[in-house]
Amino acid sequence: MTGPTSVVPALRIEGLHKAFGNLQVLRGIDLAVAEHEVVCLIGASGSGKSTLLRCVNLIEPVEAGRIVVEGEEITARGVDVDRIRRRIGIVFQAFNLFPHMSVLGNITLGPIHVLRRPRAEADAQATALLARFGLADKRDDYPDRLSGGQQQRVAIIRALAMEPDLLLLDEVTSALDPELIAEVLEIIRELAGQGMTMVIATHEMGFARDIADRVCFLDGGVILEQGPPERIFGAPEQPRTRQFLARIVAAGRL
Amino acid sequence: MIGSGPAESGSIPPLGGSRRSRLLPAPQDRRGLLIAVVSSVVVFGVIGYVIATSPGWPRFRDSFFSAEVFAESWPRIARAFWVNVRLFLSAEVLVLILALVLAVLRSLPGAVMFPVRLLATAYVDLFRALPGILVISVLGFGIPALRIEWLPTDEFFWALVALTLLYSAYVSEVYRAGINSIHPSQVAAARSLGLSQLQAMRFVVIPQAVRRVIPPLLNDFIGLQKDTALVSILGVVEIFRAAQIRQAATFNSTPYVITAVIFVLLTVPMARFVDWLVARDQRRASAAAR
């Protein structure tokens with residue numbers, strides 16, 4: 001975290017608070033993500049992982065705190081949210097593909113109507129991305145013809161087609177059958193290898209250990225503990241972290 | 001259609017394909033078919049017998065089912081129906097557009113948009129509350145009476161305006177139900193790509209919503225087509241007024257039966273088409289769910 005690239009972090013979150021009614025979900029999150037860094041968020045369901053990602057993409061309005069993307073405060077008043085979202089990709093647990101559009105239509109919607117690329121150029125880019133991730137033959141299919149794993153890969157490609165500076169992955173394998181998880185994780189691994197800056201909320205602990213530069217354990221709306229994966233998984237300091245990981249191990253998921 | 005097709009009105013879709021109510025028992029159910037035939041013969045036989053043996057039947061038959069009057073009046077009434085066709089086709093195009101605008105305005109989020117939502121809601125409430133015949137007469141008689149020079153005084157024009165205003169209120173509610181039925185995660189996905197709220201509406205929400213509401217929308221159009229007869233109060237010689245004129249000329253009510261036949265010929269195929277659309281969507285939905 002001391003290299004020249006980390007002078008202005010890709011993402012900096014300071015004192016982020018978020019509540020749904022009386023339910024305080026985030027109680028002061030501080031997090032900085034350097035360019036090319038892969039940060040995994042782990043923690044029990046309801047610990048605020050998804051909410052944190054949705055706040056970064058401004059899907060959820062925040063109550064207090066600041067979110068700064070490459071030096072620009074995106075939580076400031078009067079900021080153009082559409083311009084911010086262009087730079088931040090998010091992939092959802094439930095894929096959220098557009099069912100009335102072909103795979104190609106899903107991927108090119110943003111580039112054509114947001115980035116104002118010519119259709120031919122957007123099509124060529126989408127076709128190249130599909131080929132790269134082994135989905136070239138699905139180009140003209142509709143989402144309901146694809147398996148869950150294929151749908152989630154298309155959703156990742158849809159986010160990549162916008163050439164985001166930062167990619168947020170919200171439990172992207174949680175809705176998949178076990179045998180389909182690997183193909184999705186493979187893509188993420190490849191993106192990490194290419195230096196994509198990513199914040200990943202996940203229940204796949206083995207994957208987090210392999211891929212993350214840093215793991216953050218969320219508990220009760222704060223980052224209770226963070227560090228390199230070897231330390232978080234090997235020698236966690238906080239009792240709550242140890243308890244969480246023990247349960248994961250007992251469930252056979254690590 | 002009979003036997004294999006969906007039965008009755010398409011307005012309430014059945015829960016599953018297997019529970020679809022049938023007009024006739026399944027073809028392989030021979031006993032059921034026999035019972036259906038026998039009970040139909042008995043029911044319709046009794047009704048027919050009661051009517052045909054009633055003391056007033058001969059006069060009734062002559063004044064409603066006169067072949068002579070039918071042959072003589074049919075061409076003029078059918079020609080007058082052309083006015084209704086022009087009226088409802090124009091109104092349907094305008095309603096599709098105006099209703100969509102109203103539905104989108106009512107669906108705009110944000111505190112700033114409150115006055116827009118309020119106006120759109122007031123419009124829909126008002127025109128759903130008013131009887132159609134009232135709106136038609138107020139616009140058709142009232143506005144030309146203002147004698148504003150640059151406004152058209154043509155009855156057809158004001159009839160078109162009245163029907164468009166009335167049915168846009170209904171159809172906008174149909175659209176809105178469709179818009180509300182699209183899961184918010186679809187909007188979230190669109191907005192996360194950087195699309196604006198209106199772009200998300202245009203490319204993601206509305207295309208899916210419209211597909212879902214085509215059957216109820218066509219139902220409203222059936223209502224609109226029949227309500228073109230209300231325009232007769234403005235003196236437009238459309239089908240119902242033409243029938244009244246023929247009735248007065250022949251002292252015979254067969255022209256009304258002609259009118260009824262024409263509306264039935266128009267509406268029943270359209271109702272079957274709506275049924276077919278509903279059934280097709282259900283097949284697709286169950287195929288997609290696997």
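**A tour of the chain A sheet and the chain B domains**

Start in chain A with E4(A) and strand E5 (residues 72-73): two bridges join them, and they run antiparallel. This is a predicted model, so treat each stop as a view of a prediction.

Stay on this pair. Select Val68(A) and look across to E5(A): its bridge partner there is Glu73(A). Next, pick Glu70(A). This residue belongs to the hairpin of E4(A) and E5(A), where two residues lie between the strands. Glu70(A) takes a positive phi near 45°.

Now show E4 in full, residues 64-69 of chain A, together with strand E1, residues 11-20 of chain A. Five bridges pair E1 and E4 in the antiparallel sense. Which residue stands opposite Ala64(A) of E4(A)? Select His17(A) to see the answer.

Zoom out to the sheet. Four strands of chain A make an open sheet in the order E2-E1-E4-E5, with antiparallel pairing. Strand E2 (23-33) and E5 of chain A stand at the edges. Each has a single partner strand, so one side of each is left without a neighbour in the sheet. In general, strands of a sheet pair through backbone hydrogen bonds.

Last stop: chain B. Colour residues 1-54 as domain 1 and residues 74-289 as domain 2, following the domain assignment of chain B. How far apart are the C-alpha centres of these two domains of chain B? They lie 32 Å apart.

Definitions and conventions:
Residues numbered from 1 in each chain as written. Chains lettered and ligands numbered in written order. Predicted model: local features only at pLDDT ≥ 70, side-chain atom pairs only at ≥ 80, totals over all residues. Pairing = 2+ DSSP bridges. Domains from an automatic or database assignment.
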